[in-house]
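Thank you all for coming; I would like to walk you through one model this morning, beginning with its metal site and then moving outward. Please have a look at it on the screen before I go on.

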Amino acid sequence: MLTDYHLHLRPDEPDTPPERYFTAENVDRYLAAAAEAGIEELGVSEHVYRFRQALDIWRHPFWEEQARDDLDQYCEFVRGTSLRLGVECDFVPGAEDRTAELLAARDFDYVVGSVHFVGERAVDHEGWDAWAGGDDPDEVWRRYFEALAECARCGLFDILAHPDLVKVWGRGRPLPERDPRAFYEPAVEAIAESGIAVEVSTAGLRKPAGEIYPAPGFAEMCVDAGAAFALSSDAHLPDQVGYRYDLALDFLDGLGVTEICAFEGRARRLEPLSARIRE
Ligand SMILES: [Zn+2]
Ligand SMILES: [Zn+2]
């Protein structure tokens, strides 16, 4: 089986109202792209911060600006399609109870947990740039992977999204001098303890980083720790569905991974990885 669970039905831009993107026609475009790529299980996971209910979790100014839509209308819309229902939910330290409440009130098939922010600033957002303060890159990376470890350990999420997102800018931001394995370590420990599925995301290939999330060294440590993997493109457009899965399959094959996680009603099963994919 091939899956693509971490998908967005619209780009991350301000003028992308649900009535234009949460439509049967748009879903059909994603389904057609998935069929073409040999992907059997397709699910959508919109950013939680685009929904008003997310302001119960965090009132960061970026969230205040983004939280326009209704989460229950989104869930209802997705339930009327053949897509699995997911959501991409940020880990907000200290807001675990409120996050748990928001998630438990809806019948998601899975929840993708992510870390974009370290403190008030984001590792992947120019408007809230974590590097703008001239912080030592070792410190930014250390804080990012600590937050990722907490995200894995909090038990609220099924899939750990783009696990080394901190590298998104590639050489466009200062890189730490230490061996990155030292940063991965606390996260791998938390992954092993929690059993959360580690996302292999081809989105990094579309970014300045130019490589899959997680980096090969990080992925190897996850394999050694007995982690399970989930496969996604983090598409924001139909033509990004299954983006460069040929490379993702080579990557997983190189790691000796033969099964991936599939989700329904927040229950997880392992499915054999299919090699049927167009190059
Ligand atoms: Zn994300
Ligand atoms: Zn995403």
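Let me begin with the spacing of the ligands along the chain, where the donors of the zinc ion (ligand 2) follow the pattern H-x1-H-x79-E-x145-D. I should say at once that this is a predicted model, and everything that follows should be heard with that in mind. The residues behind that pattern are His-6 and His-8, each through NE2, together with Glu-88 through OE and Asp-234 through OD, and they coordinate the zinc ion (ligand 2) at 2.1 to 2.4 Å.

What geometry does the site of the zinc ion (ligand 2) have? The angles among the four donor atoms run from 82 to 163 degrees, and the site is irregular. Here the cut-off matters, because four donors count as tetrahedral if all angles lie between 85 and 135 degrees.

Glu-88 has a further role in the geometry, in that it bridges the zinc ion (ligand 2) and the zinc ion (ligand 1), the two ions lying 3.5 Å apart. His-6 sits in the loop between strand S1 (3–4) and helix H1 (18–21), whereas Glu-88 belongs to strand S3 (residues 84–90), so the pair ties together parts that are 82 residues apart in sequence. Both His-6 and Glu-88 are buried.

Now to the sheet. Seven strands form an open sheet with parallel pairing, in the order S1-S2-S3-S4-S7-S8-S9. At its edges stand S1 and strand S9 (229–232), each with a single partner strand, so one side of each has no neighbour in the sheet. Looking at one of these edges, strand S8 (residues 197–201) runs parallel to S9 and is joined to S9 by four bridges, and Ser-201 has Ser-232 as its bridge partner in S9.

A separate pairing is that of S10 and strand S11 (residues 267–272), which run antiparallel and are joined by six bridges. Glu-259 stands opposite Pro-272 in S11. The hairpin of S10 and S11 has two residues between the strands, and in that hairpin Gly-265 takes a positive phi near 55 degrees.

That brings me to the charged pairs. How many salt bridges does the structure hold? There are 22 salt bridges, and I will pick out a few. Arg-84 pairs with Glu-264, with 3.6 Å between the closest N and O atoms; since Arg-84 lies in strand S3 and Glu-264 in strand S10 (residues 259–264), the pair ties together parts that are 180 residues apart in sequence. Glu-264 is partly exposed, at a relative accessible area of 45%.

Within a single helix, Arg-142 and Glu-146 meet in a salt bridge at 3.0 Å, N to O, and because these residues are four apart in helix H6 (residues 137–153), about one helical turn separates them. Arg-142 is partly exposed at 32% relative accessibility, and Glu-146 is likewise partly exposed, with a relative accessible area of 39%.

Glu-220 forms a salt bridge with Arg-181, the closest N and O atoms being 3.7 Å apart. This pair links distant parts of the chain, with Glu-220 in helix H8 (residues 216–224) and Arg-181 in helix H7 (residues 181–194), 39 residues apart. Finally, salt bridges with shared partners join Glu-41, Arg-84, Glu-264, Arg-269 and Glu-271 into one network. I am happy to take questions.

Notes: Residues are numbered from 1 along each chain as its sequence is written. Chains are lettered from A and ligands numbered from 1 in the order in which they are written. This is a predicted model: local features need pLDDT of at least 70, side-chain atom pairs count only at pLDDT 80 or more; totals for chains, interfaces and linings use all residues. Side-chain values use heavy atoms; hydrogens and water are left out. Donors are N, O and S atoms within 2.8 Å of the metal (3.2 Å for Na, K and Ca); water is not among the atoms, so sites may look incomplete. Four donors count as tetrahedral if all angles lie between 85 and 135 degrees; four count as square planar and six as octahedral if opposite donors are over 155 degrees apart and all others between 65 and 115; anything else is irregular. Buried means under 20% relative accessible area, exposed over 50%, partly exposed in between (1.4 Å probe, protein chains only). A salt bridge is a side-chain nitrogen of Lys or Arg within 4 Å of a carboxyl oxygen of Asp or Glu. Two strands pair if DSSP finds at least two bridges between them.
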